[in-house]
Amino acid sequence: MMVSTKGRYALRIMIDLAVHGKEGPVSLKDIAQREDIGIKYLEIIVASLNKNGLLESSRGKNGGYRLNKSPEEYSISSILNAAEGSLAPVACVEAEDSCENAHRCKTYTLWKELDDVIENFLSSKTLADIV
């Protein structure tokens, strides 16, 4: 498993919102400056986080984004999954019963166990743990 730039930036964005969003919505421009992320790439990532229900958005002069839950309620797994899709180490364990050879594959159990370890670890950590 390799977390891409998109996943790493998504986590940084969520941390920024947890720190700076207590007073109200945070503009993408402010996040882009603090995190040194290009605004266009930031828009793509935030759209993914918003689509997956992790953020609230507001329009207007004082608009922007903010968390819709407390940092303790966001697992790192939920953030990375929203940005990356699957975090599975290999394609055959991405979805339940996605590999038709699983029943005879000598390595399937290894990959499934690794996937479970990764998921359990990332689910056990919250945004609050990082902030």
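Read from the N terminus, the protein chain follows the pattern α-α-α-β-β-α-α-α, with six helices and two strands in total. The model is a predicted one. Taken along the principal axes, the C-alpha atoms of the protein chain fill a box of roughly 60 × 25 × 20 Å. Of the 131 residues in the protein chain, 35% are buried. Among contacts with a sequence separation of 6 or more, 64% join residues that lie 24 or more positions apart.

The interior was examined next. In soluble globular proteins, nonpolar side chains tend to be buried together. In the present model the largest nonpolar core comprises 31 residues, and I13, M14, L49 and I79 have the most contacts inside it. At least two residues of this core are supplied by each of α1 (5-20), α2, α3, β2 (64-67), α4 and α5. Helix α1 provides the largest share of the core, with seven residues. The surroundings of I13 give a view of this packing: when residues up to four places away in sequence are not counted, I13 touches I31, I37, L42, I45, V46 and L49.

Helix α1 also takes part in an aromatic interaction. A search of the whole structure finds one aromatic pair. The ring centres of Y9 and Y41 are 5.7 Å apart and the ring planes stand at 70 degrees; because an angle over 60 degrees counts as edge-to-face, the pair is assigned to that class. Y9 belongs to helix α1 and Y41 to helix α3, so that the pair links parts of the chain 32 residues apart. The two partners can be described by their accessibility as well. Y9 has a relative accessible area of 19% and is therefore buried, the limit being under 20%. Y41, at 30% relative accessibility, counts as partly exposed. A further contact to an aromatic ring involves a charge: the charged end of K69 sits over the ring of Y74, 4.9 Å from its centre.

Individual positions in and after helix α2 were also considered. E35 is found in helix α2 and is buried, with a relative accessible area of 17%. Not counting residues up to four places away in sequence, E35 touches R12 and D16. D36 lies in the loop between α2 (28-35) and α3 (39-51). In contrast to the buried E35, D36 counts as exposed, at 67% relative accessibility. The phi angle of D36 is near 55 degrees, a positive value in a residue other than glycine.

Helix α5 covers residues 108-124, and its geometry was compared with expectation. At 1.5 Å a residue, the 17 residues of α5 should span 24 Å, and the end C-alpha atoms are 24 Å apart, which agrees. Within α5, residues Y108, D115, I118 and L122 are buried. Seen down the axis of α5, these buried residues fall within an arc of 95 degrees, and therefore line one face of the helix. The buried residues of α5 pack against α4 (76-84). Exposed residues V117, N120 and F121 are carried on the face of α5 turned away from its buried side.

The segment that follows α5 returns to an earlier part of the chain. T126 lies in the loop between α5 and α6 (127-130). With a relative accessible area of 16%, T126 is buried. Leaving aside neighbours within four places in sequence, T126 is in contact with P71, E72, Y74, S75 and I76. Among these partners, Y74 is also the residue whose ring lies beneath the charged end of K69, and I76 falls within helix α4 (76-84).

A last long-range relation concerns V19, which is placed in helix α1. V19 is partly exposed, with a relative accessible area of 40%. V19 and A128 are 109 residues apart in sequence, whereas their C-alpha atoms are separated by 9.8 Å in space.

Notes
Residues numbered from 1 in each chain as written. Predicted model: local features only at pLDDT ≥ 70, side-chain atom pairs only at ≥ 80, totals over all residues. Heavy atoms only, no water. Helix = DSSP H or I, 4+ residues; strand = E, 2+ residues; numbered from the N terminus. Expected span 1.5 Å × (residues − 1). Buried < 20%, exposed > 50% of the residue type's maximum accessible area, 1.4 Å probe, protein only. Arc of directions from axis to C-beta. Contact = heavy atoms within 4.5 Å. Core = buried A, V, L, I, M, F, W, Y, C linked by side-chain atoms within 4.5 Å. Phe/Tyr/Trp six-rings, centres within 6.5 Å; stacked < 30°, edge-to-face > 60°. Lys NZ or Arg CZ within 6 Å of the ring centre and 35° of its normal.
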